[in-house]
Amino acid sequence: MISALFFARFRPKSLLIWLLAALVLGAGAVAAYLPSPLEQLRFLRGEMPELFTVLGFVGDSNLPAFVLSALYGLLLPILANMQAVSLGRHLLARPLADGRLAQLLAAPHARASVLLLHFLALAVWVVLTQAACLAGQMLSAVLLFPVADLAALSQLTIGFIPTALLLSAFCCLLALVSPSEARYARRARLLLALMLILAMAGRLSGWTRLRLFSVWSLFDGRSLAFGAGGWGLAGLAGGLTLVCLAAALLYFQQREL
C-alpha cells in the first residue's frame, strides 16, 4: 500500500514538463559556448559588467566555467525555486486543503510514514530534474565539444542537488505550517525570491555579506567546477534538509487534520 501511495505522488505529464525544461536548459547552456553566441556574450559583458556580475557570470575560460556562469548563476536557481514551490503545493499544501491527506491517515497509515513518503517523492522529483539537466549538458557537450571536462559538469550537478533538496524540503515544511494553500504559495514565493535576490546582490563588491543570509551560499559552484572542493557546503545543505525533515515530522505529529 505504501509503495502504491509513493507512485501516486507522481503526475507523469507534470514530471515530463520539468524534465524537458531541465534538459533544454542544460543543452542550451553548453551550446551557448559555441563561438558566435560566446562572442556576443563577451561583448555584452564588456558593456554591462555589473549586470553580468549580479547574474553570476564568473568567466568562460573553459566549458565548466561557462556553464556555471550561464546556467547556475540564475537560470537553474529560478527553476529550482519554481519546482520547490510547486512540489510543496502538490505534495502537501493542496492535499491538506482538500482533505486527501486526512483520508490517507484514516486508512490508517502512520503519520511519520506518510510524511516520509512525501519527502521521498520530493527527493526523487528533484534528483530526476537535475539528472535531466545534466543529461542535456552531456549530450550537447559530446556533440559539440568532444574534449570537454564532463567530470566537472557532473560535479556541478551533484553539488547543486543538496541545495535544491533543501529548498524543496523547506517549502514542504512551510506548507505544513501555513493555514491555507494560497497563503503557503505567497509565503514560499516571497521567501525563495528573497533568497535569490540576496545571493545575487551578494555578488557585488561591498555587498558580499548579504549572500550569507541566502541558502544559495551553500552552493560553491566555483570550487566544484574547478575541483577545489565545495563538498563541505553541499554536506551542510544536506544536513539542513534533514533538520527541515525532523521539524516537519515533529509538527505533523501534532497538527490536527
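Modeller: A salt bridge is a side-chain nitrogen of Lys or Arg within 4 Å of a carboxyl oxygen of Asp or Glu. The model is predicted, so local features need pLDDT of at least 70 and side-chain atom pairs pLDDT 80 or more, while totals for chains, interfaces and linings use all residues. Residues are numbered from 1 along each chain as its sequence is written, and side-chain values use heavy atoms, without hydrogens or water.

Colleague: How many salt bridges does a search of the whole structure find?

Modeller: One of them joins Arg42 to Asp60. Glu181 takes part in a pairing with Arg89 and in another with Arg94. The number found in the whole structure is 3.

Colleague: How far apart in sequence are the parts that Arg42 and Asp60 tie together?

Modeller: The side chains of Arg42 and Asp60 meet at 3.0 Å, N to O. Arg42 belongs to helix H3 (35-47), whereas Asp60 sits in the loop between helix H4 (49-54) and H5 (helices being DSSP runs of H or I, at least four residues, numbered from the N terminus). The pair therefore ties together parts whose separation in sequence is 18 residues.

Colleague: Which residue of the Arg42 and Asp60 pair counts as buried?

Modeller: Buried means under 20% relative accessible area, exposed over 50%, and partly exposed in between, with a 1.4 Å probe and protein chains only. Arg42 has a relative accessible area of 45% and is partly exposed. At 13% relative accessibility, the residue that counts as buried is Asp60.

Colleague: Which helix holds the partner of Arg89?

Modeller: Arg89 pairs with Glu181, with the closest N and O atoms 3.2 Å apart. Arg89 lies in helix H6 (75-98), and the two parts that this pair ties together are 92 residues apart in sequence. The helix holding Glu181 is H10.

Colleague: What is the distance between the closest N and O atoms of Glu181 and Arg94?

Modeller: Glu181 of helix H10 also pairs with Arg94 of helix H6, so parts 87 residues apart in sequence are tied together. The closest N and O atoms of Glu181 and Arg94 are separated by 2.8 Å.

Colleague: Is Glu181 buried or partly exposed?

Modeller: Arg89 is partly exposed, at a relative accessible area of 23%. Arg94 also counts as partly exposed, at 34%. Glu181 has a relative accessible area of 18%, which means that it is buried.

Colleague: Which residues are linked in a network of salt bridges?

Modeller: Glu181 forms a salt bridge with Arg89 and a salt bridge with Arg94. The residues linked in the network are Arg89, Arg94 and Glu181.
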